[in-house]
Amino acid sequence: MNVVTSRTLEFLLLPPGNLVVFVLLALLLYRWRGAMLTVLFTGILQTVVLSLPVVAEKLMVGLEQQYLPVPELWLQAPLPEAIVILGAERNLEASEYGGRMSASTELERLNYAAHLHRKTGLPLLLSGSDQDVSFMREVLENTFQVPLRWQENQSHTTWENAAFTDQILTDAGIRSAWVVTHAWHMPRAMQVFAERQVQYFPASLSYGSSNFWRHEWLWWIPQANALARSQTALHEWLGLLAYELKH
């Protein structure tokens, strides 16, 4: 399955894109008023529920708590032999940077990897698509002033990140490495980086989940940013299921 097809299917499966499916299904049922209204109500209700911060955080907690934060990770012994940074989204409309720049998620990963490199001196590997890696390398070397040892620029999925990265590090004689990615992405990353020739360890960042049992009234009011977090979490849960079935 190519990237365009998988992204289209994801759009139709997850809110708010899946509202298109609910509306089309409702139109097909227009002769049966009760069924049509039920379908429309279901579509709207699932969007409202997933827009609640309390629901979004519960979905995120289940991901982020699988690999708990480790303060001063670089003090652990023994240290791995390399640092792998997984690519994320890019901003292709950054006119102030000549039209391209790593977006916030990717910048956070680069920042943490640069921090780990300064603490340990371990060599870095970037993993992502060709365009993605070129952006990341530019930021890593020019902004963070950190050298790059290897780059893997053929992957378009986390599974490909793991497969191609493992081959590069194995050929280089590396036996262990940290994987730098967000806490909500780490379960899926470690699922595909497991049982490779190189041993990989989580270097998670950006633990954003809050205490589920908060009682502020805004916690129960639909919000756009909560829907976005729910969408991110559902993307990861579906990815975990897909990789499990594939395995």
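Colleague: What makes strand 6 and strand 7 a pair?

Modeller: Two strands pair if DSSP finds at least two bridges between them. Strand 6 and strand 7 have 7 bridges in the parallel sense, so they qualify under that rule. Thr181, for instance, stands opposite Ser204 in strand 7. This is a predicted model, by the way: local features need pLDDT of at least 70, side-chain atom pairs count only at pLDDT 80 or more, and totals for chains, interfaces and linings use all residues. Residues are numbered from 1 along each chain as its sequence is written, while side-chain values use heavy atoms and leave out hydrogens and water.

Colleague: What does strand 1 do with strand 6?

Modeller: Strand 1 pairs with strand 6 as well, in the parallel sense, over 3 bridges. Val84 has Val179 as its bridge partner in strand 6. The strands are DSSP runs of E with at least two residues, helices are runs of H or I with at least four, and both are numbered from the N terminus.

Colleague: Why is strand 6 called largely enclosed?

Modeller: Buried means under 20% relative accessible area, exposed means over 50%, and partly exposed sits in between (1.4 Å probe, protein chains only). In strand 6, 7 of the 7 residues are buried, so the rest of the structure largely encloses the strand.

Colleague: Which residues touch the most other members of the largest nonpolar core?

Modeller: Ile83 and Leu116 do, in a core of 23 residues. Helix 5 (104-120) is among the elements giving two or more residues to this core, and helix 5 gives the most, with 5. To count as a nonpolar core, buried Ala, Val, Leu, Ile, Met, Phe, Trp, Tyr and Cys residues must be joined through side-chain atoms within 4.5 Å. Leaving aside neighbours within four places in sequence, Leu116 is in contact with Leu73, Trp74, Ile83, Gly121, Trp178, Val180 and Ala203; contact means heavy atoms within 4.5 Å.

Colleague: How do you know that Arg188 and Glu236 meet in a salt bridge?

Modeller: The rule wants a side-chain nitrogen of Lys or Arg within 4 Å of a carboxyl oxygen of Asp or Glu. Arg188 and Glu236 come in at 2.8 Å, N to O, so that pair passes. The pair links distant parts of the chain, with Arg188 in helix 8 and Glu236 in helix 9, 48 residues apart.

Colleague: Buried or exposed, what is Arg188?

Modeller: At 9% relative accessible area, Arg188 is buried. Glu236 is buried too, at 2%.

Colleague: What separates Arg137 and Glu141 in helix 6?

Modeller: About one helical turn, because they are 4 residues apart in helix 6. Their side chains meet in a salt bridge at 3.1 Å, N to O. Arg137 has 32% relative accessibility, so it counts as partly exposed.

Colleague: Why is Arg175 called exposed?

Modeller: Arg175 has a relative accessible area of 61%, so it lies beyond the exposed cut-off. Its salt-bridge partner is Glu81, at 2.9 Å, N to O. The two sit in loops 94 residues apart. Glu81, at 22% relative accessibility, counts as partly exposed.

Colleague: How many salt bridges does a search of the whole structure find?

Modeller: The search finds 4.
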